[in-house]
Amino acid sequence: MEKHSKEFKVNAAGKNVPFRINGNELIPYMGVGKYKPTGRRYGPPLSSCADFPADGNKLVPNLKEALIRSGLRDGMTISTHHHFRNGDLIANQIFDIAHELGIKDLVWFPSASFPCHDPLIKYLEDGTINRIEGSMNGPLGKFTSEGKMKGVGVLRSHGGRYQAVQDGEVIIDIAVIAAPISDTFGNSNGVNGAAACGLLGFALADSQYAHKVVVVTDTLVPFPCIPWQIQGNYVDYVVKVDQVGLSEKIVSGTTNVTKSPDRLYIAELTAQFCDAAGLVQDGFSFQAGAGGTALSIGIYFDQIMRDRNIKARFIRAGSNKYPVKMLEDGYVDYILDGQTFDLEGVRSMRENPGHVNTSPFTSYNYHGKGNFASMVDIAILGATEVDIQFNANVVTHSDGYLLHGIGGWQNCIASKCTILPIPLFRDRIPVVRENVTTLCGPGELIDVIVTERGIAINPLRQDLIEKVKGTGIPLKTIEQLLDEAQRICGKPTDPKFTDEVVAVVKWVDGTVIDTIYKLDK
Amino acid sequence: MEKIAYSGNQGKEVRSDCHITVEITTSGGVEVVLKSKVRALYEENIRKQILDAAAFFGLTSAKIIVDDTGALPFVIAARLEAAIRKVVKTDKEILAPALSENTTTTARDKRRFSRLYLPGDSPRFFINAGIHNPDGIILDLEDSVSAEKKYDARFLVRNALREVNFYGCERMVRINQIPQGLEDLDYIVPHHVNLILVPKCESAEQIREVNKRIDEIRKKHGLKYDIWLMPIIESALGVVRAFEIATAAPNVASLAIGLEDYTADIAAKRTLEGKESFFARSQVVNVARAAGIQPIDSVFSDVSDMEALKNNILISKGLGFEGMGCIHPRQIPVIHDNFAPDKAELEKAIKIVNAFHEAKEKGLGVVSLGSKMIDAPVVKRALKTIQVAIDLKKLEPNWRENQQSI
């Protein structure tokens, strides 16, 4: 099978998109909200209770047995979730087993990848895995950028992943859902157990739409396992292992407030901007990320709320101890949580009804009847590059290497005010560019760029510009920021690519917004 | 001359710097071996910079090895020049045009609440120093630079004075102790330095030596701008001779105390309470006031304890100091907040300034508040207090129009 067609179409962002990759036709990006899907949601095959034990016991001896019984064979799509982050012990085992069984050309469909998945490179090399559709971080990204992956990678946002599964764009043959706790029927959750990770929302689509669903746990409880974040009624097999995840690595390292004075300065400036623009008011909502800068901004918001005795209606998280404290002190009504980043987040989700577990269906799915990403007042996000059209890149670096996944980033920029607090340059690498290396988010959805050398507001947001005029907020145009970055760093040259496609970047509606090529060595 | 020389820093922790090796070879032209974190973006750019410099210094045959961790052009230029000048005898310098922001001058009695120390051989701390808005930045050639890096640091500091935008902060350099520090002056005086800190100062003669050298350099380059001096008293002898130092020359603008060395010199332990240095600190304040210059306190070295810093500042201000050094940007806002006029001081200044304006409007020659006459210096000080409060956003610039009634 050809890796990709030699013919390309030009999408609405002016980017070349191959007709086909991996044998599937692609729809080029048409603009924000322009592509309207037709047809119906995907339906996995029907099941009958007659084929499942009446006592509810779906235990099989081990993962290998579960995969064989699920019909594992060449070319299948295998999904996993990333709630265990860098402490995941299961994804690698799946492919160890596939390799042992001599199975080839699998598609790995994770909700994200981490450094712990680097050993999978050997299976990408020997053909056990054809490609990754999900995120390709660090060494996996480098491997992809060097053109070594057999198939073409597909990068999707968390919401785009749900959409792709729901729409039948990706058909999951076998979903393996690692769960901190489960009963033998397959009801499972993330709030209890030795490897507690808070929730299992990223595996929701997998449980609903996969042909076969395997739950793997190290903690079995008698029926019922409550809460049943994953419902056993979707589950085919349950496997008990000694250890499902490494708890100390599940808790992410990005839960510390930044100590860098430069980043703190950017965080403070961001909070000042939000306040000057009147965005911090009683009943507001914000997205609090896990990065050091985003965390610090959340803490500044917390301080403003305490000083004025106002409160937020909800925080969209990535939760950790800081939003949890705000919830417990009564400065926010709800945490709408997509993933928990520390044990305080897990505890809070277990104990507090105001700490709600969400899934990409409720938060991000673009082919739904709305989602709450667009209801968030302030979203604070990162980027590797931003250009003078306010377009942003989160997946490749300026040297052309693919190094990150999209995460929820594309979905979150639907918020009422999307702010990217970023340094103007990192070492000598300018972050504000004439053109981004890879387009991940169209500029029309990105409202404000906050750098240590001034704030640029998207000219589409005259309302924000008016609000902060005369408040002492250091406003600059994006062109001024570009000019300053180039004066300090020099004008960079663009990386050189071949015309071989190594990955495509999907927009939230399943269309292709940009194409990533193999680097020219 | 050496055949092979090095400049700069390399290693795991190093960022935004580069390490350059220059080796004179017998044939083969100039060969460049480039390892760079930003190779994909700047390879051509860096190669050109290196070859231009080699040509400038007349290198015809050399191997130049560059290990670059994302150094900005001014850093590469400094490292190159330092390394080349170790193997080529020359007085030539590669000078980029100075930024217009870096040719400004400062007033003798400029506010100097905070001054941020930047280790002179660590360029990554230079780049964003100005955005934290200290009253001054100090490019340090003395204690934060090890002996083997002293030569390299001069080029880096020189280039920074010309090319790094410090966003309006006063540009200061701490030179080495006299006499070694006299040689540093060649690298800073022609490059728009505003103020020079003279460490471990123990006599008026040292100040005169510094000024003599400054004048020679000025004459040579035809320089007109003011260069202020801030001697640092760091020894028992320095404390005894503080007045002769403070009055040694008209360009001495401030007198600072350095407690780390001072406490060692008097064989005392430096404590948080600071009883051991009470005499010296009071002496410096008293001498500075007698000489009509600013008394400036030592740095506070615990960068994580903001509460202790605040207490330290309140004591310092209580003794009469007008500023202190800082070694971390986080200390700057705390220093500004607490050296700024407090509520009572501000209220008093407002009353005096109001009385002053009223007297002026009524054409009275004498300013009075109630039954008390106010002397001109008191009015002047109150006006200054008001200006500081406005600068630090503790008072609206148009406070007089907005005030209800006082």
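In this predicted model, 34 residues of domain 1 of chain A are in contact with 30 residues of domain 2 of chain A. The domain assignment places domain 1 at residues 55-250 and domain 2 at residues 253-497. If you look for the C-alpha centres of these two domains, you will find them 29 Å apart.

Which elements give two or more residues to the side of domain 1 of chain A that touches domain 2 of chain A? They are helix 4 (138-145), helix 5 (158-167) and helix 6 (204-209) of chain A. Helix 5 of chain A provides the largest share of that side, with 8 residues. Sorted by character, the residues of this side of domain 1 are 11 nonpolar, 19 polar and 4 charged.

Helix 4 of chain A deserves a second look. Its buried residues are A:Leu140, A:Gly141, A:Phe143, A:Thr144 and A:Ser145. What covers them includes helix 3 (121-126), strand 8 (129-134) and strand 9 (153-155) of chain A, and also strand 29 (497-506) and strand 30 (512-519) of chain A. Just after helix 4 of chain A comes A:Gly147, with a positive phi of about 75°.

**One buried residue**

Now find A:Ile174, which lies in strand 10 (residues 174-179) of chain A. Is A:Ile174 buried or exposed? A:Ile174 counts as buried because 25 other C-beta atoms lie within 10 Å, and the cut-off for a buried residue is 20 or more. Leaving aside neighbours within four places in sequence, the contacts of A:Ile174 are A:Leu67, A:Ser70, A:Leu72, A:Met76, A:Ile78, A:Ala210, A:Lys212 and A:Val214. For A:Ile174 and A:Met375, the separation is 201 residues in sequence and 34 Å in space, C-alpha to C-alpha.

**Strands side by side**

Here is some background for the next part: strands of a sheet pair through backbone hydrogen bonds, either parallel or antiparallel. Strand 15 (residues 285-288) of chain A pairs in the parallel sense with strand 16 (residues 312-319) of chain A, over 4 bridges. In this pairing A:Ser285 stands opposite A:Phe314 of strand 16. Strand 15 of chain A also pairs in the parallel sense with strand 19 (residues 378-380) of chain A, over 2 bridges. There, A:Phe286 stands opposite A:Ile378 of strand 19.

In a regular strand the side chains alternate between the two faces of the sheet. Strand 15 of chain A is covered on both faces: A:Ser285 and A:Gln287 are buried on one side, and A:Phe286 and A:Ala288 are buried on the other. Together with helix 9 (residues 292-308) and strand 16 of chain A, strand 15 of chain A makes a right-handed β-α-β unit.

Elsewhere in chain A there is an open sheet of 3 strands in the order 21-20-25, with mixed pairing. Its edge strands, strand 21 (392-393) and strand 25 (432-433) of chain A, each pair on one side only. Strand 20 (residues 385-387) of chain A pairs with strand 25 of chain A in the parallel sense over 2 bridges, and A:Val386 stands opposite A:Val432 of strand 25.

**Where the chains touch**

Next, the contact between chains: 17 residues of chain A are in contact with 20 residues of chain B. Helix 8 (261-276) and helix 15 (478-489) of chain A each supply at least two residues of the side of chain A that touches chain B. Helix 8 of chain A gives the most, with 3 residues. This side of chain A is made up of 7 nonpolar, 4 polar and 6 charged residues.

**Backbone details to look up**

Most residues other than glycine have a negative phi, and most peptide bonds are trans. The table collects some exceptions.

| Place | Backbone value |
|---|---|
| A:Phe223 to A:Pro224 | cis peptide bond, omega near 0° |
| A:Ile226 to A:Pro227 | cis peptide bond, omega near -5° |
| B:Ser16 | positive phi, near 55° |
| B:Lys393 | positive phi, about 60° |

A:Pro224 sits in the loop between strand 13 (212-217) and strand 14 (237-240) of chain A, and A:Pro227 lies in the loop between strand 13 and strand 14 of chain A. In chain B, B:Ser16 belongs to the loop between strand 1 (4-8) and strand 2 (18-24). B:Ser16 is buried, with 22 other C-beta atoms within 10 Å. B:Lys393 is in the loop between helix 13 (376-391) and helix 14 (399-402) of chain B. B:Lys393 is exposed, with 11 other C-beta atoms within 10 Å.

Note on methods:
Residues are numbered from 1 along each chain as its sequence is written. Chains are lettered from A and ligands numbered from 1 in the order in which they are written. This is a predicted model: local features need pLDDT of at least 70, side-chain atom pairs count only at pLDDT 80 or more; totals for chains, interfaces and linings use all residues. Domain bounds come from an automatic or database domain assignment. Two residues are in contact if their C-beta atoms, placed from the backbone, lie within 7 Å. Ala, Val, Leu, Ile, Met, Phe, Trp, Tyr, Cys and Pro count as nonpolar, Asp, Glu, Lys and Arg as charged, and the others, Gly among them, as polar. A residue is buried if 20 or more other C-beta atoms lie within 10 Å of its own, exposed if 12 or fewer, and partly exposed in between; C-beta atoms are placed from the backbone. Two strands pair if DSSP finds at least two bridges between them. A crossover is right-handed if, with the strands pointing away from the viewer, the path from the first strand over the helix to the second runs clockwise.
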